Amino acid sequence: MDPKKFITLYRTPNPGATVSHSKAAELFIQDEPRTDWHDETLWFVREKRDRAVQQVAEWEQLRELASQIKDHTLSNLHAYLTQFEQQAQANGIKVHWAADALEHNNIILQLIKEHQVQRVVKSKSMLTEECHLNDFLIEQGVEVVDTDLGERIVQLRQEAPSHIVLPAIHLKKQDVSETFHQHLGTEKGNNDPQYLTEAARLHLRDKFIQSQLAITGVNFAIAETGGFVVCTNEGNADMGAHAADIHIACMGIEKIIPKAEHLGVFLRLLARSATGQPITTYSSHFQRPREGQEMHIVIVDNGRTKQLGRPDFRNSLKCIRCAACFNTCPVYRRSGGHSYHTAIAGPIGSILSPNLDMKANADLPFASTLCGSCSNVCPVKIDIHVQLWKWRQVLTAEGYVPTGKKVAMKGMAFVLAHPAIYRLAGKMGRWVMRVMPFVTNNKTFNPWYKQRDMPAAPKQSFRDWYLKNKQ
Amino acid sequence: MSSRDKIMTAIKANQPALLQLPDVQMERQLPEPSAILPQFVKTLESIGGKAVVINDVAGIRDTLEQSRNGQQYIVNTLPYLGTVNTEVISGMHAGSLEPVFTAYIEATLGVAENGSVWLYEHQLKNRLLPFICQHLVICLHAHTIVPTMHEAYEKIDIAREGYGVFLAGPSKTADIEQSLVIGAHGARSLLVYLITG
């Protein structure tokens, strides 16, 4: 495919869409009960994470270790990738390098064509989502079956995953039931998750057994051994990789860790941070292809080396894709993953995506309250909220921020810098809210009021109260 | 320039000055030896697995023999449990393994903090076996259980064989409305016999 065409088609998950996060979120929150459900369900996952974390006395030490191991690895990435490649080749694994998404996709297409493969299964890999591999292969006439249950659901609905760990979290069981009724012939109106999962199990077992080629992601690639680790709860990566004659594992350059002993640190952190489980059901260590099997690794850059060269944003490459920052984020929970219009949503997506395309993703660093909860739960201590704030400055300096926002920010900075004006504005605000509530309780003049109720205006400011009450 | 060289050149130019690699050894409180087995059992049960502490493998052998009298395809990989299914080999096709109802496999070690067991490729006979079987039975010598993943990685060598897996509980998913369903793609149940004898 012509690279230019590829970029225009696949750079964003909603090709041609220019809908900003706030506009998309506005659509998402129209259904209030569903928004509440989404919010509460993800908070529930965050609470499960907290309970799991509290069981590990040395949790903070682990986070610090993980952070330092990743910092070190990024500072020595050239050597570790060289070592990994040598070791993997010695293990009989074929190593490919892709500078960008299109090259990644072409490498896989080439392998599929070379082996005249008809049936491909794929387990979850956010990298292949980032590269829009599925759309690319389908356009080339290759059928790819996503095998993670959540990913299969969204694939059948022709949607993108809305969460990197829980791809179908934006859907209710009625939606899944309807989709399965249409595509898998399940009973209409049967919404039982057990029944629906069983139907998917039977449907996908068939696909596994018949597949000739399996694509998986990589959670960790070990420089010392040339092997890699893939984590799933469902067992779909293993079912695919062990049944097929060809296994292709796709990884970003940042998935490297130096040694096997470091897996002890990362596997203790990953599932606890992600879902509150002590470990994923399967942590599979691939070292060599099995007898008669071909194993390939595609190592992808796609903007990562550029991010490595940005000192303020470099450490976003430490991410292990646990999604703890999604589950805790008050904005993500109330706006849904699709509002982020990128393969990786949530706070981490908002600091990764501007690196790929500043113009298309200029809205994302603003989709945050900067509360810092993301940084507090991050198992590798990425300063996510600080980077969100720094991206705002870069994007504004580069001219990617709408004039309205710029003017409003300047106005706000002026008010906040002048205490007398600030006090006057506060007084006026309280008076208007009391005497003329229709001015603020108005969706046309006050965007804040759109999906919120205005609070009752206090009689006095805190400052006035303090001056009156201090001893 | 090849993509490999392009990427490597960019990395070399952009990676920061070398930072130190920390030592993974850290000071921490390990459980009493007597607490390790109960912790493993409790954790395994909390993730949907079942644990049976047994001091003689004869009990497992009897259960295995009884289940063989039924219609189901039972695969045993362990000589101490009776006849071994020698037909299960590395090159066996997925279609021939699909009918396996229960598989009996021995694990190298267990990890108390997360209820997982480590399986080397040679213990599986075929990489697919613990995934494609409907039910999985693991035999584990109780004395091999270690407190955490750190001790586990000290004991195993992940580069020794072509494949290995930490397996914790039965296959599961919560992808539909966060409702936990046991039995996604892998085994629907996991029973771990903890052999103390």
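Here are some questions and answers on how chains A and B fit together in this predicted model.

Residues are numbered from 1 along each chain as its sequence is written, with chains lettered from A and ligands numbered from 1 in the order written. As the model is predicted, local features need pLDDT of at least 70 and side-chain atom pairs count only at pLDDT 80 or more, while totals for chains, interfaces and linings use all residues.

Reader: Which element of chain B gives the largest share of the side that touches chain A?
Author: The contact takes 75 residues from chain A and 65 from chain B (two residues are in contact if their C-beta atoms, placed from the backbone, lie within 7 Å). Elements giving two or more residues to chain B's side include helix 4 (94-97), helix 7 (149-155) and strand 7 (163-167) of chain B (helices, H or I, at least four residues, and strands, E, at least two, are DSSP runs numbered from the N terminus). The largest share, 9 residues, comes from helix 1 of chain B.

Reader: How do helix 5 of chain A and helix 1 of chain B run relative to each other?
Author: A:Leu77, A:His78 and A:Leu81 meet B:Met8, B:Ile11 and B:Lys12 here. The two axes come within 8 Å and cross at roughly 150° (axes are lines fitted to C-alpha atoms over the stretch in contact, and angles run from 0 to 180 degrees between N-to-C directions). Angles over 145 degrees count as roughly antiparallel, so these helices are roughly antiparallel.

Reader: In strand 7 of chain B, what is the bridge partner of A:Phe286?
Author: An open sheet of 7 strands has the order 8(A)-5(A)-6(A)-9(A)-7(B)-5(B)-4(B) (two strands pair if DSSP finds at least two bridges between them). Strand 9 of chain A and strand 7 of chain B pair antiparallel over 5 bridges. In that strand of chain B, the partner of A:Phe286 is B:Tyr163.

Reader: Which helix gives the largest share of the largest nonpolar core?
Author: That core has 178 residues, and those with the most contacts inside it include A:Phe266 and B:Ile138. A nonpolar core is a set of buried Ala, Val, Leu, Ile, Met, Phe, Trp, Tyr and Cys residues joined through C-beta atoms within 7 Å, where buried means 20 or more other C-beta atoms within 10 Å of a residue's own, with C-beta atoms placed from the backbone. The largest share, 8 residues, comes from helix 13 (residues 261-274) of chain A.

Methods. Buried ≥ 20, exposed ≤ 12 C-beta atoms within 10 Å, placed from the backbone. Parallel < 35°, antiparallel > 145°, perpendicular 65-115°, else oblique.
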